[in-house]
Amino acid sequence: MKVRALITGGAGFIGSHIVERLVQAGVELLVVDNLSSGHALFVPTGVKLVQQSVTSPDLEAVFATFRPDYVFHLAAQIDVAKSMQHPIEDAESNIVGTVNVLQCCHKLGVRKLIFSSSCAVYGDTGDTLIPETCGTRPLSFYGLSKYVSERYILLYHHLYKLPYTILRYANVYGPRQAVKGEGGVISIFLRHLLHGEPLRIYGDGSQTRDFIYAKDVAAANLLCLDKGDNRILNIGSSRATPIHQLAAIVRAFQPESSPLTYGPERPGEIQYSVLDHTEAMHALGWTPQFSLEEGLKETLDFYKGEERGVWKS
Ligand SMILES: NC(=O)c1ccc[n+]([C@@H]2O[C@H](COP(=O)([O-])OP(=O)(O)OC[C@H]3O[C@@H](n4cnc5c(N)ncnc54)[C@H](O)[C@@H]3O)[C@@H](O)[C@H]2O)c1
């Protein structure tokens, strides 16, 4: 019998890349997504989509009918700024939603939960390379809601032996990413490039980020089907990219089109954020396959297609 996986948030940016990989692997799939930021168009033909919130009491009936072996939980509100303005909404979808998913997993005897967490759980560590053992001091309600969700997962495992893998992503980028969100600077830069608009850097651009391509993130998720049980793993490139370097790579695609502009440093902005992915290499046998240049090129091609009204992966 085919393995069955339910994926929450599967109509979103990262979720849709995981769905594509699961389809290729021959896994039977069900996507649960309320389409608050995702799109039905992102779900490949032939994959069933249930339009529902993960906070709904009806979620259990969806689980009971489909009876998934594995659950990939990505559904979340991902906008850090929104979490600061509307912390209750953020907690509702991210914390209550996760508890609802956990309860369904527990009741229906799901084999494993694979959870999409974030480097936002670390806050500003001051470290240049952040291992999983680093302390967690989230600085936003979004980071806190991800961290609290992780703690619920650990307790469900402790109390009910529900197996899990928690993946803490760095800044994910790639085709289908919306302008908002955690990895947003790349989608903003590439879209501005296509329109000949300035690329704006806040501060001197020396602040570094860890950019990881969505297809590499999807590959890590797939490996969790039979590896990485009961682990928390960083999924990032382990490479520091200063924002001014990112802007230079992006501008090199179309050197004449977009000037660089500089704005004042943004208060509270994290200076260095790079995840150490050594544990994920050992536990999953995973390493990123895409260089930043390759990933950016594919993403730019996607946005060019989007401008012409063509969706493609
Ligand atoms: N993009 C990044 O750089 C990044 C970094 C770290 C972690 N993450 C995590 O990865 C996951 C996916 O993020 P993304 O970048 O693909 O964002 P996204 O907004 O494209 O995807 C989230 C999906 O969840 C759906 N959704 C939101 N609330 C829901 C709810 N209550 N019920 C059902 N569906 C709901 C949305 O419609 C969307 O399809 C999130 O959990 C996010 O926190 C993303």
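In this predicted model, the charged end of Arg4 sits over the ring of Phe66, at 4.5 Å from the ring centre. A second arrangement of this kind involves Arg176, which lies over the face of Phe42 at 5.9 Å from the ring centre.

Aromatic rings also pair with one another, and the structure holds 5 such pairs. Two of them, which involve Tyr213, are set out below.

| Aromatic pair | Centre to centre | Angle between planes | Class |
|---|---|---|---|
| Tyr173 and Tyr213 | 5.2 Å | 45° | tilted |
| Tyr213 and Phe290 | 4.8 Å | 55° | tilted |

Tyr173 belongs to strand E7 (residues 171-173) and Tyr213 to strand E10 (residues 211-213), so their pair ties together parts of the chain 40 residues apart in sequence. The pair of Tyr213 and Phe290 likewise links distant parts: Phe290 is in the loop between helix H9 (278-284) and helix H10 (292-307), 77 residues from Tyr213. Tyr173 and Tyr213 are both buried; for Tyr213 the relative accessible area is 1%. Phe290, by contrast, is partly exposed, with a relative accessible area of 27%. Together with Phe211, the residues Tyr173, Tyr213 and Phe290 form one aromatic cluster.

Phe211 also appears in the surroundings of Leu246, a residue of helix H8 (residues 243-253). Leaving aside neighbours within four places in sequence, Leu246 is in contact with Phe211 as well as Val185, Ile186, Phe189, Thr241, Leu292 and Leu296. Leu246 is buried, because its relative accessible area of 0% falls under 20%. The C-alpha atom of Leu246 is separated by 9.2 Å from that of Gly205, which is 41 residues away along the chain.

Technical notes
Residues are numbered from 1 along each chain as its sequence is written. This is a predicted model: local features need pLDDT of at least 70, side-chain atom pairs count only at pLDDT 80 or more; totals for chains, interfaces and linings use all residues. Side-chain values use heavy atoms; hydrogens and water are left out. Helices (H or I, at least four residues) and strands (E, at least two) are DSSP runs, numbered from the N terminus. Buried means under 20% relative accessible area, exposed over 50%, partly exposed in between (1.4 Å probe, protein chains only). Contact means heavy atoms within 4.5 Å. Rings of Phe, Tyr and Trp (its six-membered ring) pair if their centres lie within 6.5 Å; planes under 30 degrees apart count as stacked, over 60 as edge-to-face and the rest as tilted. A charge sits over a ring if NZ of Lys or CZ of Arg is within 6 Å of the ring centre and within 35 degrees of the ring normal.
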